[in-house]
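Subject: Two-chain model for you to look at

Hello,

I am handing over the structure we talked about. Please open it first; my notes follow below.

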Amino acid sequence: MSAEQARARLAAALVRLGAGDKAALEQVYRATSAKLFGICLRILGDRKEAEDTLQEVYLTLWRRADRFDPARASPITWIAVLARNRAIDRLRRKRTLGPAVPVEAAREVADETPSAEDSLIEDEGQARIHHCLETLESAQRSGIKEAFFGGFTYADLAQRAGIPLGTMKSRIRRGLARLKTCLEAGE
Amino acid sequence: MTPDDRLAAEFAIGLLEGQDLLDARGRRASDPAFAKAVDWWEARLAPLLDTIPAVVPPEYLLARISAAMADTPDGGAEVVRLRQRVRFWQRGAAAGAIAASAALAALVLTPQNRTPADVPVRAASAPLVASIPIGDSALRLGVTYLPDRKELLVSASGLASDGVHDHELWLVPDGGGALRSLGVVQPGRERRVSLDPATAALIHDGSAMVLTREPLGGKPPAADAGPVVAEGSFDRV
């Protein structure tokens, strides 16, 4: 099955799931759970938390898969972003409840290149993000990655770096402007 | 880079918190151009998630999820029904009706199997509480309802004002009538609100609330309510 076909099938299963077809869950689950569990586990650093988040994600898909628009988004991108957002949400809640921030959750994601079978999301052009991040200053790059993977806000980043909030904001914002220019140049 | 585009990037990456996050979340729900900008960033950032290796979840998880779905009989179909209800509600509602998507989001939280007969009369004097998460932030709006005094305590201790907006809390009546205002939230403060008996009578375990963003002072009488930025429901203590 080509990547194109896999995508079309997943999109169709998502639409069925949103229409209330419970049988579509298994198909969506089989196609995406390893990918999503990996994401949740990396962000939360805890299997139990990752399992709970994954369950929440699939129940959300079932309740609102109707908001998925095949014309607008690739299904796996849509689901992966949803899983990431839920995991970050949970991580932040956890962080405010207890002092124990899992260090793993905060670790920098090194320059890993995705393996072929993990590359569900990548489309030509979209993968420019890897290249474009490399064009930033290292402090900008690590700030953006720590926010994206570790749920750290501007205030968190400033505190961690021991610099004023305003300094951190302008640093990251310069990076965002550059990132935007670079991403657009590839389209 | 326009300020909106920058905000979209900050929102998609997760850099915002507090009032900024609230505003961005509200904008995404109410402003299609901004929503599109957020989608653009999410799609461009998503390949970063490909750097994470896949991990097969434990066997039992699929069964657990199916069981959780079975506990909620209708799922997707329920959303369709709710949408019809919202349309009906919109047709009937005069000034003060809020946008369909926002109303739908709020109504989805309302347990559908709850009929007025299920409402626990016995526990009428026990306080009800709600902890309403605000956006993706760690902030929560704490709401406690004291039935015997018909009083509401609204605690917004973590919130800061942006000086331009206020947030107003609303009760979503079960039958889908017009939203009932529970007052304007005061950032950084705990506020005590006395409810009129008609509004108080509508509150029970499971009642849904939404928080909307409004001009300073709350929703102007002639205007529609602003975008829904958070939602939650009452629970027994």
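In what order do the strands of the open sheet of 4 strands in chain B run? The order is β5-β4-β7-β8, and the pairing is antiparallel. Bear in mind throughout that this is a predicted model.

**The 4-stranded sheet of chain B**

β5 (180–185) and β8 (228–233) are the edge strands, and each of them pairs on one side only. From one strand to the next, the twist averages 25°. Look at the β7 side of β8(B). Strand β7 covers residues 208–215 of chain B and runs antiparallel to β8(B), with 5 bridges joining the two. To find the register, start from B:V210, which stands opposite B:E231 in β8(B).

**The 5-stranded sheet of chain B**

Chain B has 7 helices and 9 strands. There is also an open sheet of 5 strands. Its order is β6-β3-β2-β1-β9, again with antiparallel pairing. Why is one side of β6 (190–194) and of β9 (235–236) left without a neighbour in the sheet? Both strands stand at the edges and have a single partner strand each, so nothing in the sheet flanks the other side.

β3(B) is worth following through this sheet. Strand β3 takes in residues 151–155 of chain B and pairs with β6(B) in the antiparallel sense, over 5 bridges. Two residue pairs fix that register. B:S155 stands opposite B:E190. B:L152 has B:V193 as its bridge partner.

On the other side comes strand β2, residues 140–146 of chain B. β2 and β3(B) run antiparallel and are joined by 5 bridges. Here B:L146 stands opposite B:E151.

In a regular strand, side chains alternate between the two faces of the sheet. Now check the faces of β3(B). B:L152 and B:V154 are on the covered face. B:E151, B:L153 and B:S155 are on the uncovered one. Note that B:L153 sits on the uncovered face, along with B:E151 and B:S155.

**The hairpin residue B:K150**

β2(B) and β3(B) form a hairpin with 4 residues between the strands. B:K150 lies in that loop, between β2 and β3 of chain B. What is unusual to check in the backbone of B:K150? Its phi is positive, about 50°, although B:K150 is not a glycine. Is B:K150 buried, exposed or partly exposed? B:K150 has 16 other C-beta atoms within 10 Å, so it counts as partly exposed.

**Chain A**

Chain A has 9 helices and 0 strands. From the N terminus on, its elements run α-α-α-α-α-α-α-α-α. Of its 187 residues, 41% are buried. For chain B the figure is 38% of 237 residues.

The contact range reads as follows. In chain A, 68% of the contacts between residues at least 6 apart in sequence join residues at least 24 apart. In chain B, residues 24 or more positions apart account for 68% of the contacts with a separation of 6 or more.

One helix pair is worth a look. α7(A) and α9(A) pack with their axes 9 Å apart, at an angle of about 90°. Angles of 65 to 115 degrees count as roughly perpendicular, and α7(A) and α9(A) therefore fall in that class. From α7(A), the contact uses A:A139, A:Q140, A:G143 and A:I144. From α9(A), it uses A:R171, A:I172, A:R174 and A:G175. By class, this contact has 3 nonpolar, 3 polar and 2 charged residues.

**Where the chains meet**

How many residues of each chain take part? 62 residues of chain A are in contact with 43 residues of chain B. Many helices of chain A each supply at least two residues to that side, among them α1 (3–18), α2 (23–44), α4 (75–97) and α9 (165–185). The chain A side divides into 31 nonpolar, 13 polar and 18 charged residues.

**Confidence**

The pLDDT of chain A averages 83, and 81% of the residues score at least 70. Over residues 100–118 of chain A, the pLDDT is below 50. In the model this stretch still has 26 contacts beyond near neighbours in sequence. Where pLDDT is low, the predicted coordinates should not be read in detail.

Best wishes

Notes: Residues numbered from 1 in each chain as written. Chains lettered and ligands numbered in written order. Predicted model: local features only at pLDDT ≥ 70, side-chain atom pairs only at ≥ 80, totals over all residues. Contact = placed C-beta atoms within 7 Å. Nonpolar A, V, L, I, M, F, W, Y, C, P; charged D, E, K, R; others polar. Buried ≥ 20, exposed ≤ 12 C-beta atoms within 10 Å, placed from the backbone. pLDDT = per-residue confidence, 0-100. Pairing = 2+ DSSP bridges. Axes fitted to C-alpha atoms, helices over the stretch in contact; angles between N-to-C directions. Parallel < 35°, antiparallel > 145°, perpendicular 65-115°, else oblique.
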